[in-house]
Each structure stands twice: as C-alpha cells, then as structure tokens.
Amino acid sequence: MNQSSIIMKPTILVVDDDAAFRAVTSALLEDEGYGVTCAADGNEAIALLRERHFDLVLSDLVMTEVSGLQVLETAKTLSPRTIVIMVTGFASVESAVEAIKRGAEDYLTKPCGNAELLLKVERALVQRQKDEELARLRDVVTQSHSFGNLIGKSPRMQQVFRLAQQVAGTDATVLLLGETGTGKELLARAIHFNSPRRHGPFVAVNCAAIAETLLESELFGHERGAFTGAIRQKPGRFEMAEKGTLFLDEIGDIPMATQIKLLRVLQEREFERVGGNETIRCDIRLISATNHNLEQAIQEKKFREDLYYRLNVVPIRLPALRERPEDIPLLARHFLQKYVQALNKPVAKISEAALNLLLQHKWPGNVRELENLIERAIVLCTGEVIDVEHLLMLQDRPEADLLSQARSRHLTERQLTQLYARIILDVAAGNKKEACRILDINFRTLQNRLEGLAADATNES
Ligand SMILES: Nc1ncnc2c1ncn2[C@@H]1O[C@H](COP(=O)(O)OP(=O)(O)OP(=O)(O)O)[C@@H](O)[C@H]1O
Ligand SMILES: [Mg+2]
C-alpha cells in the first residue's frame with residue numbers, strides 16, 4: 001500500500017483532447033511538485049492506467065471515442081484508491097453529477113482558474129491520505145489486541161488504543177497520564193510510529209533525569225560560549241525532532257523557568273538556542289507524559305496552568321494493571337514468550353495456580369513489575385512450568401521463606417500439601433470455600449491441612 005503519496009510526490013494523469021489545456025495544466029501541476037503524465041484521449045489514458053498506478057486522474061468528461069466516464073470506470077476498477085476529478089467543458093452539471101455517482105471524487109468546470117484546480121487536487125490528495133491513515137490504524141487495532149508494542153484486551157485498553165489511533169493520524173499535542181509502569185513511553189512510541197511522521201525522528205527526553213541547569217540547553221540547544229563548558233554550538237532536542245515527534249517524559253518535573261520557554265515554543269512554534277538570538281522555527285509533534293497529578297501541581301504553584309492547557313489537548317490516561325485484571329494472563333504469556341526466547345529456556349507455560357496468584361497481586365509497579373516478575377521466574381524455573389514457588393520467591397511473603405527453607409530441608413509430601421493449602425488460601429484471598437474449589441478438596445481436609453501446617457510451624461520454633 002502506498003501510504004505516503006503526499007510525502008512521496010503524487011503522480012497525476014491529465015486526460016484531455018485539448019492540447020492547450022494539457023500543456024497549461026501539466027505545467028501548473030509540475031510547478032507544484034506533482035509528477036504529471038498526459039494522455040490525448042481516452043484510449044491512451046486507459047493504456048497508461050493499465051501500465052501503472054496514478055494517485056490522481058484529472059480527466060475531461062466529453063471526448064470522442066472513449067469518454068471520461070469510461071476512463072473513470074477503468075481507473076476505479078484497476079486501482080480503487082486512485083482519485084478521479086472530472087473536467088467538463090460544457091458546464092454540464094448533470095454529467096458531472098453522474099460521474100460523482102460512479103465514483104469520481106470531484107469535478108471542475110472549464111474554464112477553471114489555476115487556484116481552483118490546484119486547491120481541488122491538493123484537497124483530494126490530502127483527504128485520501130487521511131482516510132487511508134485512519135483505515136490503516138483501524139486495521140492495526142481491530143486485527144489484534146495490540147497497538148504498536150502495547151497489548152491489552154480489556155475494554156479500558158481497547159479504548160486507549162482507539163483514542164491513540166485517532167490522534168496518531170493528526171498532529172495534536174498529546175498528554176499521557178498514568179501510574180509508573182503503565183506503558184506511557186511505549187504508547188508515545190506507538191503513536192509516533194503510527195503517525196504520518198513515522199519516517200521522521202522520535203526523540204525522547206526524560207525531563208526528570210536532566211539537571212535543572214542543563215535542561216534548557218538540552219531542549220533548545222546552545223550557542224558556543226553560551227555558558228562555561230559550551231565549547232561548541234549544540235542543537236537541542238527540539239531541533240533533533242524536526243519533522244518528527246518529541247516526547248517529553250516526566251513533564252511534571254520541569255522547573256518553572258523552563259516551563260515559560262516551553263510554553264512559548266508551543267504557542268509560537270519557535271525558539272532561540274541558549275545564548276543565541278537567531279529564531280528557529282520548528283515543526284514537531286509533541287507528546288508529553290507524567291505520573292504526577294498536574295492539577296495538584298498547579299494548585300501548589302509548581303506547574304503553570306497555561307502550559308498545562310497547551311499540553312493537555314488530548315489527554316490519554318493509561319489504566320493501572322489492577323484496574324484491568326483481564327489483561328494479566330495475556331501480558332504474562334506475552335512476557336513469557338519474550339523472555340523464554342531471550343533467555344533461551346525451555347519454559348513452556350504458567351500454571352493455573354501461578355496465574356491465580358498473579359491475578360491476586362495488587363501490582364503497585366504495574367506492567368513493568370509484571371514483566372520483571374515473569375523474567376525472574378523464568379530464570380528461577382528449572383522445569384517447563386512456572387509455578388507458584390517461582391513467583392513466591394520473588395515476593396516478600398512468609399510462605400516464600402518457608403518454601404525456600406523447606407527446599408534445603410527436604411519437605412515431605414504431606415508437609416508440601418499443607419503448605420500448598422496455605423498458599424492457595426492466600427490466592428483465594430482467605431476465602432476457604434474458594435480455596436477448597438481450587439484444590440478440589442472438602443472443607444474438613446482443608447482445615448486439617450492448615451492445622452497440620454500450623455502445628456509443624458509451632459513445633460519448629
Ligand atoms: N500494554 C503493554 N503491553 C506490553 N508491554 C507493556 C505494556 N505496558 C507496559 N509495558 C512494558 O512495561 C514496561 C514499562 O512501560 P513504560 O516504560 O512505557 O511505562 P511508563 O508508563 O513510561 O512508566 P514510568 O512512569 O515509570 O516511566 C516496559 O518494559 C514496557 O515494555
Ligand atoms: Mg516512562
């Protein structure tokens with residue numbers, strides 16, 4: 001699919017039996033940077049359409065032998081995404097309407113002004129690009145439970161993907177909100193790589209990681225001698241992101257002085273390097289992210305309200321993992337695959353009990369925490385199945401301690417069964433009935449096992 005016809009110099013076929021019209025129109029379009037081919041009649045046009053793809057066909061409606069309507073039909077049959085604009089010399093609106101009915105995008109009546117012709121051509125091409133962009137993004141989302149490298153099948157995440165897909169096609173400023181580890185950076189990248197700017201650079205700046213005194217020069221660049229240590233001129237991240245996307249991460253940590261400068265760039269789309277007086281214009285798409293509550297920061301006078309409104313054009317809130325437990329198994333399996341490959345281990349699956357344990361956890365670190373947990377479980381796993389013990393080892397839970405102790409002391413099967421009952425009771429959040437269901441034992445047996453475990457523990461101490 002040709003997704004970037006606008007960027008790549010669109011091709012136009014001009015069809016008219018009037019040589020003067022062909023000459024004038026092709027010169028006009030070539031001056032605008034289009035690649036133009038001419039055909040003197042309908043037959044020639046159809047032959048050319050069979051040979052190659054044109055982004056747009058500008059065809060006379062009334063021609064001898066083969067009419068404009070036939071050219072239209074051939075163009076649409078061979079390549080449905082080719083735009084057709086009909087030109088009619090007789091101002092016969094009726095036949096133009098007929099052409100539109102049969103799939104032409106627009107029509108022009110002769111004599112038409114240059115400006116009008118160019119406007120219609122450009123508008124049709126831009127519209128086509130937008131439509132295709134949207135259709136492509138829709139495919140990306142509907143085909144799978146993913147967007148870029150993000151996965152999620154929960155309605156909350158699907159909603160995030162839909163919104164992200166919509167803004168990706170535009171240049172709108174996006175603010176990504178969400179707790180740590182919810183995928184903000186991943187989403188910023190996904191938006192960029194699904195946007196018309198995807199061939200341009202994606203430049204990420206972690207505002208919290210750069211010393212306050214250096215942030216301005218990092219963002220806007222500096223001139224030689226602007227400050228001690230500025231031995232040569234250096235372009236900033238805004239310049240590096242030209243024609244691409246700038247991702248300002250941890251935007252809540254930007255000092256007030258820098259906030260004013262940032263506001264100006266967003267308003268005027270121009271700035272000066274530190275120590276410089278040349279004004280530089282920039283063409284970037286801005287995505288910022290924070291896990292702070294910016295509204296509260298505004299109240300505390302730590303964040304400028306005007307800047308907030310500039311950044312918050314399209315807010316996208318990434319839900320915490322605990323708000324979408326249905327994504328946990330999907331993500332766990334995703335990371336299992338990822339790390340099994342990376343670590344080259346024969347771990348094939350996650351046991352039901354382990355999965356239940358994952359569902360039970362509160363996930364303060366969200367997806368990042370889950371990812372780390374799975375990675376470490378694979379490292380620890382000696383068999384083919386990740387089980388509760390591989391996860392418990394990673395958590396500060398008394399059972400984990402007990403289990404690792406037990407390992408060195410060789411537990412009997414009876415003790416293990418008791419311990420397992422205890423763990424499952426935890427998994428079931430203390431609900432004994434549920435624990436019985438998971439273990440497939442009756443209430444009395446569960447009780448015995450728990451009591452046995454307690455007795456053993458007392459005997460130990
Ligand atoms: N929906 C998801 N699908 C797959 N991986 C994800 C998803 N969300 C997050 N991750 C993974 O979790 C980790 C954290 O994601 P990311 O760095 O994007 O989070 P963040 O919101 O920017 O966190 P922080 O606020 O701490 O910077 C990354 O390794 C990322 O690959
Ligand atoms: Mg981040």
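Here are some questions and answers about this predicted model.

The model is predicted, with local features needing pLDDT of at least 70, side-chain atom pairs counting only at pLDDT 80 or more, and totals for chains, interfaces and linings using all residues. Residues are numbered from 1 along each chain as its sequence is written, chains are lettered from A and ligands numbered from 1 in the order in which they are written, and side-chain values use heavy atoms, with hydrogens and water left out.

User: How many residues surround ligand 1?
Analyst: A residue counts here if one of its heavy atoms lies within 4 Å of the molecule. The closest are I151, T180, G181, K184 and E371. The full count is 19 residues.

User: Which backbone atoms lie 2.9 Å from a nitrogen atom of ligand 1?
Analyst: Take polar contacts, meaning pairs of N or O atoms within 3.5 Å. A polar backbone atom of G181 sits 2.8 Å from an oxygen atom of ligand 1, and a backbone N or O atom of G183 is 3.2 Å from an oxygen atom of the ligand. For the nitrogen atom, the partner is a backbone N or O atom of I151.

User: How much of ligand 1's accessible area does the protein cover?
Analyst: Accessible areas come from the Shrake-Rupley method with a 1.4 Å probe. On its own, ligand 1 has 630 Å². The protein covers 87%.

User: Why do the buried residues of α15 line one face of the helix?
Analyst: Helices are DSSP runs (H or I, at least four residues), numbered from the N terminus, and α15 covers residues 366-380. Its buried residues (under 20% relative accessible area, 1.4 Å probe, protein chains only) include V367, L370, E371, I374 and I378. Seen down the axis, judged by the directions from the helix axis to the C-beta atoms, they line one face because they fall within an arc of 165°.

User: Which element gives the most to the largest nonpolar core?
Analyst: Such a core is a set of buried Ala, Val, Leu, Ile, Met, Phe, Trp, Tyr and Cys residues joined through side-chain atoms within 4.5 Å. This one has 41 residues, and L358, I374 and I386 touch the most other members. Elements giving two or more residues include α14 (352-360), α15 and α20 (443-460). The top contributor, with 7 residues, is α13.

User: Is A20 buried or partly exposed?
Analyst: A20 is found in helix α1 (residues 19-31). Partly exposed means between 20% and 50% relative accessible area. At 49% relative accessibility, A20 is therefore partly exposed.

Methods: The expected span of a helix is 1.5 Å times one less than its number of residues. A polar contact is a pair of N or O atoms within 3.5 Å; within protein, one must be able to donate a hydrogen and the other to accept it, and residues adjacent in sequence count only if both atoms are side-chain atoms.
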